[in-house]
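Subject: Structure handover

Hello,

I am passing this structure on to you. Please look through it before you read the notes underneath.

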Amino acid sequence: MRGYFGIGAEKISKAMNLGAVLRTGNAFGASFAFTVGAHHRAREVALSDTAKSDIHMPLYEWASLEEMRLPKGCSLVGVELDPRAIDLPTFRHPLQAAYILGPEKGNLSDEAKALCTHIVKIPTRFCVNLSVAAAIVMYDRTLNLGGWPPRPITEGGPPDAEKWEAPRARRATRQ
Ligand SMILES: C[S@@+](CC[C@H](N)C(=O)[O-])C[C@H]1O[C@@H](n2cnc3c(N)ncnc32)[C@H](O)[C@@H]1O
């Protein structure tokens with residue numbers, strides 16, 4: 001996949017959710033993960049994150065937004081059901097991005113949203129679980145920047161499916 005990305009959340013409180021975000025981020029090839037003002041016990045995260053993501057992917061644990069330090073040129077992208085948000089299926093992902101989700105109870109803070117270059121929303125009837133939202137955004141990035149072919153007009157896979165085996169294999173072996 002072109003570029004790189006990080007995935008994180010503000011004021012996340014449930015270890016199972018953080019574990020799921022870490023595992024899924026690792027699976028989708030995130031370069032780093034982060035929390036801002038998290039309330040969780042690391043041991044519980046280790047139990048839920050069966051992929052042991054911290055071995056493969058750094059986790060930054062910032063106490064506040066002021067402490068947050070993103071790489072130069074990395075755009076912060078808020079993930080929230082917000083009036084100013086762009087619908088995810090219409091969004092062109094930045095090559096260098098850090099996606100920040102809101103807490104289980106509440107929304108991304110105004111302070112966090114003010115730091116975001118973009119805010120995206122997933123077209124759902126109501127909010128979904130935080131780790132599910134994270135997975136959908138990462139999957140959408142993979143669709144957008146992963147070098148996949150346009151979908152065929154008729155149902156089923158592309159007629160030249162074997163052509164796409166190489167990029168698929170490259171992605172699968174990346175760690
Ligand atoms: C469970 S939701 C937060 C609860 C929700 N604000 C409420 O009380 O109605 C947790 C986080 O998941 C993300 N999220 C869930 N559904 C979303 C959607 N449809 N679009 C964008 N983000 C979503 C947001 O980052 C949100 O802050």
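The notes below go from the overall layout to the core, the ligand, the strands and two helices.

This is a predicted model, in which local features need pLDDT of at least 70, side-chain atom pairs count only at pLDDT 80 or more, and totals for chains, interfaces and linings use all residues. Residues are numbered from 1 along each chain as its sequence is written.

Overall layout. The chain contains 6 helices and 7 strands. Helices (H or I, at least four residues) and strands (E, at least two) are DSSP runs, numbered from the N terminus. Their order from the N terminus is β-α-β-α-α-β-β-β-β-α-β-α-α. Of the 175 residues in the chain, 34% are buried. A residue is buried if 20 or more other C-beta atoms lie within 10 Å of its own, exposed if 12 or fewer, and partly exposed in between, with C-beta atoms placed from the backbone. Two residues are in contact if their C-beta atoms, placed from the backbone, lie within 7 Å. Among contacts between residues at least 6 apart in sequence, 80% join residues at least 24 apart.

Core. The largest nonpolar core (buried Ala, Val, Leu, Ile, Met, Phe, Trp, Tyr and Cys residues joined through C-beta atoms within 7 Å) has 39 residues, and Tyr 99, Ile 100 and Ala 134 have the most contacts inside it. Two or more residues each come from β1 (4-10), α1 (15-27), β2 (32-36), β4 (75-79), β6 (96-101), β7 (118-121) and α5 (130-145). The element that gives the most to this core is α5, with 6 residues. Leaving aside residues up to four places away in sequence, Tyr 99 touches Phe 5, Ile 7, Val 77, Val 79 and Val 137.

Ligand. The ligand is surrounded by 17 residues, the closest being Leu 101, Gly 102, Ile 122, Cys 127 and Ala 133. A residue counts here if its C-beta atom, placed from the backbone, lies within 6 Å of the ligand. This shell divides into 9 nonpolar, 5 polar and 3 charged residues. Ala, Val, Leu, Ile, Met, Phe, Trp, Tyr, Cys and Pro count as nonpolar, Asp, Glu, Lys and Arg as charged, and the others, Gly among them, as polar.

Strands. β4 and β7 run parallel and are joined by 3 bridges; two strands pair if DSSP finds at least two bridges between them. Val 79 has Val 120 in β7 as its bridge partner. β5 (residues 86-87) also pairs with β7 in the parallel sense, over 2 bridges, and Asp 87 stands opposite Lys 121 in β7.

Helix α1. Because 11 of its 13 residues are buried, α1 is largely enclosed by the rest of the structure. Among these buried residues are Leu 18, Val 21, Leu 22 and Arg 23. In the loop between β1 and α1 lies Lys 11, which has a positive phi of about 55° although it is not a glycine. After α1 comes Gly 29, with a positive phi near 90°.

Helix α5. The 16 residues of α5 reach 23 Å from first C-alpha to last, close to the 22 Å expected at 1.5 Å a residue; the expected span is 1.5 Å times one less than the number of residues. Its buried residues include Leu 130, Ala 134, Val 137 and Arg 141. Their cover includes β1, α1, β4, β6 and β7. Just after α5, Gly 147 takes a positive phi of about 75°.

Regards
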